[in-house]
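Please open the structure in your viewer and keep the selection tool at hand. The stops below can be taken in order, each beginning with something to select.

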Amino acid sequence: MKHTNKILGTMLLAAAVSTSCVDDDKLGFAFEKPASIEGMEYLADYDALKAYVDRSANPNFKLGVALAADDYNAGGVVTRLANSNFDEMTAGNAMKYASCVADNGAMDFGKVSTFVNNAKENGITIYGHTLAWHSQQNNNYLNGIIAPKEIPIDPNAKNEVEDKKTNFADYASFPFYVMGYKPDIIDGVLTSNNPTEWHQYFVLDGCPTEQGKAYKVTAMIRGSKEGQLNVQFGDWGGMETGPLAFSTEWEEQTIQFNSALAGNSFVVFQPGSFDGTLEIKWVKVSHTEAPAIEIFNDQLTNGEMVAGKPMNNFVVREAGKGDVPGNPIAGGPEGKNCIKITSIANPTNSWDTQFFIYTPDKAWAGGEKYKISFWYKASEAAGSESQCHGEPGGYKHYQMLPTNPSFTTEWQYYEATSSIPASGDGMKSIAFNLNVNKNQVDYYFADIHWYTVEKGNKIPLTPEEKKDTLTWAMDNWITGMMQACEGYVTSWDVVNEALSGDDKDGDGWYDLQSATRNTVREDDKANNFYWQDYLGDLDYVRTAVGLARKRFAENGGQGELKLFINDYNLESDWDDNKKLKSLIHWIQEWESDGVTKIDGIGSQMHVSCYADANIQKSKEEHVVKMLQLMKESGKLCKISELDMGFVDANDKSVKTEDLTEEQHKKMAAYYSFIVRKYFEIIPANQRYGITQWCITDAPDSSGWRGGEPVGLWDSNYYRKHTYAGFADGLQGKEYSK
């Protein structure tokens, strides 16, 4: 396609000696020649990027750019650049959960609505990013709605708990920050005299409070005459207010606040127009809560042994066989399922046949209180031994249960409350030695539960309750977003970055990212919220996909919604694209219900160009492998977050100011390679698009690749060699400048 220059009028002369700045006569500003443009003049001859997309061969392809919604909504240079060069936009953060959902669950989609309306007016589409993710979630809200709930009891049976108290007998002078008026402390009593003007003062500060919880403020107070004052409770970001009455006698006066607005609160008294003297002995903040009781929290999943559900907490070790999860069979007590373990005859040791109750993610402490219960029987009478083990087979202590089960041919119920032996510290499994009887015997266990025992007044939600609550929260979020978009956003990252880079279960595929299965780093556990740990590896994605399709259709969605699974390192050479292979496997699993449909795969491609020719060759080979695998998946293929840095011969990332002309041109050639290979390998009917993630080079202060040359434009919006490489790739050309 012929290169053209669309800059008109007086800008034509400048363009002849300058690189082009944002490419369109709609920009409305002139520009000056950069300090150094040697070898860069050719860039002015390039057209806007989207002009190089062959629309007849790529009717569904969208050339995208990522940007901040605020920048686009501002209507300035970023807006004009996006409109001139691209078909589609991805908002960097504005459409993510944490940007729209407050700590109390309230949702604000004002910025999203503005972004959508502006895009619609300019005829540019939006790619939604992202509906379900573990990062940038409102952890306070999500953890709060699945937190243990206070035991419901008669309000009259609740205990009052003091949160903080100011006793002025402990002070010789006013102890708080002075806000214009300073009360006196006389004989251990705060004394407030009317200064003939409006006044206020702190009476308590630094009180730990929980947002949304009810508290009351109580004061031992009297006045020189009857009256009332105003009480402020909270912090400067949010507070409740109300009146507190007093008489001429020393009395406890109380005001109730039903919903704290701060996580750390103060109390301020405002006497207002009261023209007498106030005396205060003390002020306190308190709340009521249910009395502490013993709370049992089951550490086992599927103790009822429902077929088809995980049986990882129950390990069978029969002589001559490897350890396997117990197989649930019919025949347990009261219609329940059970596990069968068959011992060998004439054993050498009592532990030649064993059964383990196993908590892989919990190490029990010596002295920790527990409760255990189960049903048991055998094909003939038999004794048993119980031991403390770490992992199954990792012996720690010879005796675990206070009394070992003695089997008969009838079902018996076992229940005991005790403490972990000191020598069992760190144990994860109870081992039952089932060769005490020297005959071959069939042993059966059913309905097994192993609880922690704690004192408290809150009951943890069951896994089913957490799943139900979070499914509701996800639905609430997706519904709100689809309402805000009014059907205009027709493609989404429905789930972002689901996969880890680890295969802990050994099935040959990378596991999902999980805090409970330790497939993520410790700091990620603390900072992120992993929906899949509560909804399940399959239902997490299936739920997000199902809700997205349903709520899109209900809120103005026209045509077919395109849903992508987006992830990074899909082009990785160090594992021979195993993450992409694993993602394709997981997509097959998610779709195996016959209902769930995932339309496409998004590959982020935050890549680097390498000075080392061998490394660079490997990177390019695995980009090709990635595209071939995406093609073979049959799914729509999107390069969703393309940007590039440069790594020198010393394996160091090069900063923008240190980038040489030669390195810059190598980056341009790599851009051309990636874009060309996309069009060469991906069939037309699978080409959804390519999105450039960084418009300009990143400033040093950026949280994303700070100081690196990641843009197609520089920080002043002048085209770079990488712009030419990208444009050449769109035309199927190698970059040759």
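**First stop: an open sheet**

Begin by selecting strand E8 together with strand E13 (residues 264-270), which run antiparallel and are joined by 5 bridges; helices (H or I, at least four residues) and strands (E, at least two) are DSSP runs, numbered from the N terminus, and two strands pair if DSSP finds at least two bridges between them. This is a predicted model, in which local features need pLDDT of at least 70 and side-chain atom pairs count only at pLDDT 80 or more, while totals for chains, interfaces and linings use all residues. Residues are numbered from 1 along each chain as its sequence is written, and side-chain values use heavy atoms, with hydrogens and water left out.

Within this pair, Tyr201 stands opposite Phe269 in E13. Widen the selection to the order E8-E13-E10-E11, and you have the 4 strands of an open sheet with antiparallel pairing. Strand E8 (201-208) and strand E11 (238-246) are at the edges with a single partner strand each, so one side of each has no neighbour in the sheet. From one strand to the next, the twist averages 20°, where axes are lines fitted to C-alpha atoms, for helices over the stretch in contact, and angles run from 0 to 180 degrees between N-to-C directions.

**Second stop: parallel strands**

Now select strand E28 (residues 562-567), where 5 of the 6 residues are buried (buried means under 20% relative accessible area, exposed over 50%, partly exposed in between, with a 1.4 Å probe and protein chains only). Strand E27 (residues 491-496) runs parallel to E28 and is joined to it by 5 bridges, and Asn566 in E28 is the bridge partner of Asn496. E28 also pairs in the parallel sense with strand E29 (residues 600-603), over 4 bridges, and here the bridge partner of Asp567 is Ser603 in E29. Add helix H11 (residues 578-590), which with E28 and E29 makes a right-handed β-α-β unit; right-handed means that, with the strands pointing away from the viewer, the path from the first strand over the helix to the second runs clockwise.

**Third stop: the cores**

Next, select Met89, Met95, Met481, Trp492, Trp590, Ile674 and Phe726, the residues with the most contacts inside the largest nonpolar core, which has 113 residues (a nonpolar core is a set of buried Ala, Val, Leu, Ile, Met, Phe, Trp, Tyr and Cys residues joined through side-chain atoms within 4.5 Å). Helix H13 (residues 661-681) gives the largest share of this core, 10 residues. Apart from it lies another core, of 33 residues, including Met179, Phe202, Ala219 and Leu229.

**Fourth stop: two buried polar residues**

Is Ser373, in strand E20 (residues 369-378), buried or exposed? Ser373 is buried, because its relative accessible area is 5%. Leaving aside neighbours within four places in sequence, Ser373 is in contact (heavy atoms within 4.5 Å) with residues that include Tyr413, Asp447 and His449.

Finally, select Asn302 in the loop between strand E15 (293-298) and strand E16 (314-317), a residue that counts as buried because its relative accessibility is 9%. With neighbours within four places in sequence again left aside, Asn302 is in contact with Lys309, Pro310, Met311 and Phe314.
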